[in-house]
Amino acid sequence: MAISKKIAIISPFSLVNYGLRQLMIEYFDQINCHIFSSVEQMMDSLPDSYDLYFVISEPVLINYDFFLPRKAKTIVMTLGSENYNSTSFFTLPLYSGLSQTIDSLQSMLEKLSSHSAEDNQEELSSREIDVLKLIAKGKMNKEIAEILFISLNTVLTHRKNITAKLGIKTVSGLTFYAMMNGYIKG
């Protein structure tokens, strides 16, 4: 299976990190794995340069604003009791057997390789992007309506659609998403 991927493995557990990296190198071609003991360590190394993020569940919860916009390329390693399906994160149970783990990894890599990095950006209409930019700049709904010459109800509809498409509900999360995707400059 020839997939060229740059992968970040983020876990404080060395055995998980090195074991997953070895599996990826042994069973998949053109995989470049980088190991980090924390999200903070990964953030110091150009965090958006990675095609995939394998991360244990706790850092995902703590750094939700980072991982949520990247949910299509984040794989949460779980012990089985956590459930991230409601937010559509891919999950990889740590307790699975070798063949099941390899099958799961192959399936995830195939699904992830079929998605382009720009899928989320393409989901938003040009008007939704305009609204997102203004939200990120701190404009209130009424101000957005006046700037874009649309009704307040239309602004509210666009905000609802943006939230539904991106899965981000907070203004800070939307601002972070807009910055990370180049819609506004920090």
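Buried residues account for 41% of the 186 residues in the chain. The model is a predicted one, and its fold is built from 10 helices and 5 strands. The accessible surface adds up to about 10,000 Å², and 53% of that belongs to carbon and sulfur atoms. As for how the chain meets itself, take the contacts between residues at least 6 apart in sequence: 55% of these join residues at least 24 apart.

What sits inside? The largest nonpolar core has 34 residues. Ile10, Met42, Tyr53, Phe67 and Leu132 are the ones with the most contacts inside this core. Quite a few elements chip in with two or more residues each: the strands E1 (2–10) and E3 (52–56), along with the helices H2 (39–43), H4 (64–67), H7, H8, H9 and H10 (171–180). H7 gives the largest share, with 6 residues. A second core, this one of 19 residues, lies apart from the largest one, and it includes Ile9, Leu23, Ile31 and Leu105.

Leu132 is worth a look of its own. Leaving aside residues up to four places away in sequence, Leu132 touches Leu124, Ile162, Leu174, Tyr177, Ala178 and Tyr183.

Helix H8 makes a handy example of a helix with two sides. H8 covers residues 141–148, and Ile144, Ala145 and Leu148 are buried in it. Looking down the axis of H8, these buried residues fall within an arc of 100°, so they line one face of the helix. Turned away from that buried side is a face carrying Lys142 and Glu146, which are exposed. And what do the buried residues of H8 pack against? Their partners are two helices, H7 (126–136) and H9 (152–166). Just after H8 comes Phe149, which has a positive phi, near 60°.

Aromatic rings are the next thing to pick out. The chain has 6 aromatic pairs. In one of them, the ring centres of Tyr53 and Phe66 are 5.6 Å apart and the ring planes meet at 85°, so this pair counts as edge-to-face. The pair ties together distant parts of the chain, with Tyr53 in strand E3 and Phe66 in helix H4, 13 residues apart. Tyr53 and Phe66 are both buried.

Tyr53 also pairs with Phe67, again edge-to-face, with 6.0 Å from centre to centre and 85° between the planes. Here too distant parts of the chain are linked, as Tyr53 belongs to strand E3 and Phe67 to helix H4, with their positions 14 residues apart in the count. Like Tyr53, Phe67 is buried. Put into a wider picture, ring pairs link Phe36, Tyr50, Tyr53, Phe66 and Phe67 into a cluster.

Two members of that cluster also have a charged neighbour over the ring. Lys6 lies over the face of Tyr50, 4.8 Å from the ring centre. Over at Phe66, the charged end of Arg70 sits over the ring, at 3.9 Å from its centre.

Key. Residues are numbered from 1 along each chain as its sequence is written. This is a predicted model: local features need pLDDT of at least 70, side-chain atom pairs count only at pLDDT 80 or more; totals for chains, interfaces and linings use all residues. Side-chain values use heavy atoms; hydrogens and water are left out. Helices (H or I, at least four residues) and strands (E, at least two) are DSSP runs, numbered from the N terminus. Buried means under 20% relative accessible area, exposed over 50%, partly exposed in between (1.4 Å probe, protein chains only). Contact means heavy atoms within 4.5 Å. Accessible areas come from the Shrake-Rupley method with a 1.4 Å probe; for residues, only the protein chains shown count as cover. The arc is that of the directions from the helix axis to the C-beta atoms. A nonpolar core is a set of buried Ala, Val, Leu, Ile, Met, Phe, Trp, Tyr and Cys residues joined through side-chain atoms within 4.5 Å. Rings of Phe, Tyr and Trp (its six-membered ring) pair if their centres lie within 6.5 Å; planes under 30 degrees apart count as stacked, over 60 as edge-to-face and the rest as tilted. A charge sits over a ring if NZ of Lys or CZ of Arg is within 6 Å of the ring centre and within 35 degrees of the ring normal.
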